[in-house]
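Visitor: Could you walk me through this fold, one piece at a time?

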Amino acid sequence: MNRNNSYFETSSLPLAASIICSGILLDSIVKNQDGKAVFIFNRSNNPDLDRIIQDFWKKELRTEPNAFWEAVRFLKSRIYGEFQ
């Protein structure tokens, strides 16, 4: 899915929300060919991004529940606000 190693792309809403909760800003959202939203994060400005992603998939990343919910709401508002 990665077009460029400077950026990390995911269509996983929970992963994207967890990354945001870890203090990393969303770079952009694009719609791929099957209509799914793809969340893009800049790797070059965030040296901890790969560790956060690994911890998420290993189920070792801990996130405050209200912050996670707010991040999900933020992402959904960006998806539906931009792609209508």
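Guide: Helices (H or I, at least four residues) and strands (E, at least two) are DSSP runs, numbered from the N terminus. This is a predicted model, where local features need pLDDT of at least 70, side-chain atom pairs count only at pLDDT 80 or more, and totals for chains, interfaces and linings use all residues. Residues are numbered from 1 along each chain as its sequence is written, and side-chain values use heavy atoms, leaving out hydrogens and water.

Visitor: What pattern does the protein follow along the sequence?

Guide: There are 3 helices and 3 strands to place. Reading along the sequence, they give β-α-β-β-α-α.

Visitor: What is the order of the strands in the open sheet?

Guide: Strands pair here if DSSP finds at least two bridges between them. E1 (7-10) and E2 (28-31) are the edge strands, each pairing on one side only. E2 and E3 pair in the antiparallel sense over 4 bridges. That fits the order E1-E3-E2.

Visitor: Which residue in E3 does Val-30 stand opposite?

Guide: Look where E2 and E3 run antiparallel. Facing Val-30 there is Val-38.

Visitor: Which residues touch the most other members of the largest nonpolar core?

Guide: Such a core is a set of buried (under 20% relative accessible area, 1.4 Å probe, protein chains only) Ala, Val, Leu, Ile, Met, Phe, Trp, Tyr and Cys residues joined through side-chain atoms within 4.5 Å. This one has 20 residues, and H1 (13-21), E3 (37-42), H2 (49-57) and H3 (65-82) each supply at least two. Those touching the most other members are Phe-8, Ile-19, Phe-39, Phe-41 and Leu-49.

How values were computed
Buried < 20%, exposed > 50% of the residue type's maximum accessible area, 1.4 Å probe, protein only.
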